[in-house]
Amino acid sequence: MKYWSFHPYQQQPIDPACCEFQIRTATPTDLIGVSQIIAESFHSQKGMWGWAFPLLRLGIYEDLRHRMTSPPPRHVCLVALEANNGTANNLVGSVELGVRYSDSWGQAGIGFPYLSNLAVHPKYRRHGVASGLLTSCEKVSREWGFQDLYLHVLENNHQARQLYFKVGYRVHKVQSNWNTFLLGRSSQMLLHKHLNANFSI
């Protein structure tokens with residue numbers, strides 16, 4: 001199991017005793033915590049959809065469990081843990097990295113590393129956790145022999161877009177579908193980062 005340590009990025013830590021976070025590969029014991037953080041990040045617990053939150057969380061848990069028990073080639077789930085006095089035990093964020101194939105992204109039949117499900121516990125946002133997870137994904141991508149990374153973000157998710165642009169991602173294309181026009185939903189932006197670019201987190 002590989003660990004990366006990092007200090008909070010231009011933010012004060014939640015607790016004065018907390019000076020850094022650790023990032024490692026997720027294990028089955030992390031599944032409940034990861035599914036909770038992802039569910040809280042992408043689904044509301046308020047209003048008429050609040051009743052569905054436990055079902056959504058269960059679906060996320062089962063999807064993660066399947067990917068971890070039968071992982072496709074070149075796939076990893078990373079988790080960030082709060083480190084106190086050298087012990088890391090409080091899960092505060094996660095991200096998945098895998099290789100996908102899309103002829104519309106580049107050369108036909110060529111795989112590209114793709115980031116998904118980047119999520120941080122609400123109490124720990126804006127404290128460098130997401131930046132640390134992104135940096136760790138870049139390290140893994142280089143270990144796999146790649147020099148590019150891709151991810152999707154909703155066009156109206158301004159906070160996430162600001163983070164990605166700050167660490168060197170650029171718009172590759174804006175993707176719309178019928179839901180965008182008929183239901184008034186936000187378009188998806190496919191972002192790309194070339195890992196040789198001189199951006200630092």
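In this predicted model, glycine 168 lies just after helix α4 and adopts a positive phi of about 110°. The helix that precedes this glycine spans residues 158-166. Three of the residues in α4, namely Ala160, Arg161 and Tyr164, are buried. Their directions from the axis cover an arc of only 100°, and they therefore lie on the same side of α4. An α-helix has 3.6 residues a turn, so residues three or four places apart point the same way. His158 and Gln162, on the other side of α4, are exposed. The cover over the buried residues of the helix includes β5, α3, β6 and β8.

Tyr164 also belongs to the largest nonpolar core, which comprises 31 residues. Together with Leu78, Leu97, Leu115, Val129, Leu133 and Tyr169, Tyr164 is one of the residues that touch the most other members of this core. At least two core residues come from each of the strands β2 (20-25), β3 (75-84), β4 (87-101), β5 (111-120), β6 (148-154) and β8 (188-194), and likewise from each of the helices α3 (129-143) and α4. The greatest contribution is that of α3, which gives six residues. Separate from this core is a second one of 14 residues, with Ala26, Phe53, Ile60 and Leu91 among its members.

Strand β3 also holds histidine 75. The side chain of this histidine forms a polar contact of 2.9 Å with the side chain of glutamate 96. When residues up to four places away in sequence are not counted, histidine 75 touches Arg67, Glu96, Leu97, Gly98 and Trp144. Of these contacts, Leu97 is among the residues with the most neighbours within the largest nonpolar core.

The largest pocket has a volume of about 1,400 Å³. Its lining consists of 45 residues, of which Phe42, Leu118, Asn157, Ala160 and Tyr164 are the closest to the centre. Ala160 and Tyr164 are two of the buried residues of α4 described above. The elements that each supply at least two lining residues are α1 (31-42), β4, β5, α3, β6 and α4. Strand β5 provides the largest share of the lining, with seven residues. This strand is also among the elements that cover the buried residues of α4, and β5 supplies at least two residues of the largest nonpolar core.

Technical notes:
Residues are numbered from 1 along each chain as its sequence is written. This is a predicted model: local features need pLDDT of at least 70, side-chain atom pairs count only at pLDDT 80 or more; totals for chains, interfaces and linings use all residues. Side-chain values use heavy atoms; hydrogens and water are left out. A nonpolar core is a set of buried Ala, Val, Leu, Ile, Met, Phe, Trp, Tyr and Cys residues joined through side-chain atoms within 4.5 Å. Buried means under 20% relative accessible area, exposed over 50%, partly exposed in between (1.4 Å probe, protein chains only). Helices (H or I, at least four residues) and strands (E, at least two) are DSSP runs, numbered from the N terminus. A polar contact is a pair of N or O atoms within 3.5 Å; within protein, one must be able to donate a hydrogen and the other to accept it, and residues adjacent in sequence count only if both atoms are side-chain atoms. Contact means heavy atoms within 4.5 Å. The arc is that of the directions from the helix axis to the C-beta atoms. On a 1 Å grid over the protein atoms alone, a cavity is a set of points where a 1.4 Å probe fits but cannot get out, and a pocket is an open set with protein on both sides within 12 Å along at least five of seven lines; lining residues have an atom within 4 Å of a point. Grid points are joined across faces, edges and corners, and a volume is the space filled by probe spheres set on the points.
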